[in-house]
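Got the viewer open? Grab your selection tool and follow along, one stop at a time.

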Amino acid sequence: METILDPNPTKARKTHRCDFCQYLINTGDTYLRSTHVAFGDIYTWKSHQQCDDIAVKLNMFEDCDEGLTSDDFIQYIISEYDNLDGPKMPRGTEFKYFLDFVINHHKK
(Lines give C-alpha, C1' and ligand atoms only; values in the text may rest on other atoms or scores of the structure.)
Protein backbone atom coordinates (compact mmCIF):
# COMPACT_ATOMS: atom_id res chain seq x y z
CA MET A 1 0.00 0.00 0.00
CA GLU A 2 1.22 3.47 -0.87
CA THR A 3 -0.22 6.70 0.52
CA ILE A 4 -0.56 9.31 -2.20
CA LEU A 5 -2.44 11.91 -0.14
CA ASP A 6 -1.75 12.05 3.60
CA PRO A 7 -4.63 12.20 6.08
CA ASN A 8 -6.24 15.59 5.87
CA PRO A 9 -8.90 16.93 8.29
CA THR A 10 -12.10 17.48 6.35
CA LYS A 11 -15.58 18.63 7.36
CA ALA A 12 -18.24 16.11 6.30
CA ARG A 13 -20.75 17.53 3.84
CA LYS A 14 -22.68 14.26 3.95
CA THR A 15 -22.74 11.13 6.11
CA HIS A 16 -19.82 8.72 5.71
CA ARG A 17 -18.76 5.55 7.45
CA CYS A 18 -15.46 5.36 9.34
CA ASP A 19 -13.26 2.80 7.60
CA PHE A 20 -11.77 1.76 10.97
CA CYS A 21 -14.71 1.33 13.36
CA GLN A 22 -17.52 1.25 10.76
CA TYR A 23 -19.61 3.78 12.71
CA LEU A 24 -21.07 6.87 11.08
CA ILE A 25 -19.25 10.12 10.46
CA ASN A 26 -22.10 12.61 10.61
CA THR A 27 -22.64 15.67 8.45
CA GLY A 28 -20.66 18.56 9.93
CA ASP A 29 -18.18 16.32 11.80
CA THR A 30 -14.48 16.73 11.11
CA TYR A 31 -12.87 13.50 9.94
CA LEU A 32 -9.63 12.38 8.30
CA ARG A 33 -9.56 11.66 4.59
CA SER A 34 -6.57 10.13 2.79
CA THR A 35 -5.92 8.52 -0.59
CA HIS A 36 -3.98 5.29 -1.14
CA VAL A 37 -2.96 2.82 -3.84
CA ALA A 38 -2.99 -0.92 -3.19
CA PHE A 39 -2.71 -3.68 -5.77
CA GLY A 40 -3.14 -1.09 -8.53
CA ASP A 41 -6.41 0.30 -7.10
CA ILE A 42 -6.78 3.87 -5.81
CA TYR A 43 -9.11 4.37 -2.87
CA THR A 44 -10.07 6.98 -0.30
CA TRP A 45 -9.91 6.14 3.40
CA LYS A 46 -12.15 8.05 5.81
CA SER A 47 -11.88 7.84 9.58
CA HIS A 48 -12.78 9.50 12.84
CA GLN A 49 -9.84 11.44 14.24
CA GLN A 50 -10.07 9.44 17.49
CA CYS A 51 -9.93 6.12 15.61
CA ASP A 52 -6.80 7.23 13.77
CA ASP A 53 -5.28 8.55 17.01
CA ILE A 54 -5.80 5.26 18.88
CA ALA A 55 -4.45 3.25 15.92
CA VAL A 56 -1.26 5.36 16.03
CA LYS A 57 -1.02 5.22 19.84
CA LEU A 58 -1.31 1.41 19.86
CA ASN A 59 1.17 1.03 16.94
CA MET A 60 -1.42 -0.81 14.85
CA PHE A 61 0.25 0.15 11.57
CA GLU A 62 3.56 -1.56 12.37
CA ASP A 63 2.40 -5.10 11.55
CA CYS A 64 0.28 -4.20 8.52
CA ASP A 65 2.38 -4.15 5.36
CA GLU A 66 -0.71 -3.85 3.17
CA GLY A 67 -2.53 -1.39 5.41
CA LEU A 68 -4.73 -1.63 8.48
CA THR A 69 -8.20 -2.99 7.70
CA SER A 70 -11.37 -2.49 9.68
CA ASP A 71 -11.20 -6.13 10.80
CA ASP A 72 -7.60 -5.62 11.99
CA PHE A 73 -8.62 -2.46 13.86
CA ILE A 74 -11.53 -4.18 15.60
CA GLN A 75 -9.32 -7.13 16.64
CA TYR A 76 -6.64 -4.77 18.01
CA ILE A 77 -9.24 -2.85 20.05
CA ILE A 78 -10.79 -6.01 21.51
CA SER A 79 -7.34 -7.40 22.30
CA GLU A 80 -6.35 -4.12 23.99
CA TYR A 81 -9.61 -4.18 25.98
CA ASP A 82 -8.73 -7.67 27.20
CA ASN A 83 -5.15 -6.57 28.03
CA LEU A 84 -6.55 -3.70 30.10
CA ASP A 85 -8.72 -6.17 32.04
CA GLY A 86 -11.90 -4.37 31.04
CA PRO A 87 -15.06 -5.60 32.78
CA LYS A 88 -16.45 -8.91 31.52
CA MET A 89 -19.18 -8.04 29.05
CA PRO A 90 -22.04 -10.24 27.86
CA ARG A 91 -21.85 -11.76 24.40
CA GLY A 92 -23.30 -9.41 21.82
CA THR A 93 -22.02 -6.22 23.47
CA GLU A 94 -21.69 -3.54 20.80
CA PHE A 95 -18.13 -2.86 19.62
CA LYS A 96 -18.54 0.86 20.41
CA TYR A 97 -18.40 0.02 24.13
CA PHE A 98 -14.96 -1.61 23.75
CA LEU A 99 -13.69 1.20 21.51
CA ASP A 100 -14.82 3.94 23.92
CA PHE A 101 -13.29 2.08 26.88
CA VAL A 102 -9.89 1.76 25.14
CA ILE A 103 -9.89 5.36 23.87
CA ASN A 104 -10.84 6.73 27.31
CA HIS A 105 -8.20 4.58 29.03
CA HIS A 106 -5.45 5.91 26.77
CA LYS A 107 -6.52 9.56 27.25
CA LYS A 108 -5.26 9.38 30.83
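Start by selecting residues 70–83, which make up helix 2 (helices, H or I of at least four residues, and strands, E of at least two, are DSSP runs numbered from the N terminus). Its 14 residues reach 20 Å from the first C-alpha to the last, close to the 20 Å expected at 1.5 Å a residue (the expected span being 1.5 Å times one less than the number of residues). A word on the source: this is a predicted model, where local features need pLDDT of at least 70 and side-chain atom pairs count only at pLDDT 80 or more, while totals for chains, interfaces and linings use all residues. Numbering runs from 1 along each chain as its sequence is written, and side-chain values use heavy atoms, with hydrogens and water left out.

Now show side chains on helix 2. Which of its residues are buried? Pick out Ser 70, Phe 73, Ile 77, Glu 80 and Tyr 81 (buried is under 20% relative accessible area, exposed over 50%, partly exposed in between, using a 1.4 Å probe and protein chains only). These buried residues sit on the same side of helix 2 because they cover an arc of only 105° around the axis (taken from the directions from the helix axis to the C-beta atoms). As a rule, an α-helix has 3.6 residues a turn, so residues three or four places apart point the same way.

Spin to the face turned away from that buried side, and you'll find exposed Asp 71, Gln 75, Asp 82 and Asn 83. Spin back and add strand 5 (41–48), helix 1 (49–57) and helix 3 (95–107), which are among what covers the buried residues of helix 2. Just after helix 2, click Asp 85, with its positive phi of about 55°.

Next stop, helix 3: select His 106. This His 106 counts as buried because its relative accessibility is 18%. Leaving aside residues up to four places away in sequence, His 106 touches Ile 54, Lys 57, Leu 58, Glu 80 and Leu 84 (contact means heavy atoms within 4.5 Å).

Stay in helix 3 for Lys 96 and Asp 100, 4 residues apart, about one turn of the helix. The two form a salt bridge, their closest N and O atoms being 3.2 Å apart (a side-chain nitrogen of Lys or Arg within 4 Å of a carboxyl oxygen of Asp or Glu). A search of the whole structure finds 1 salt bridge. Lys 96 counts as partly exposed at 32% relative accessibility, and Asp 100 counts as partly exposed at 28%.

Last, jump to strand 1 (residues 2–11) and select Leu 5. With 47% relative accessibility, Leu 5 counts as partly exposed.
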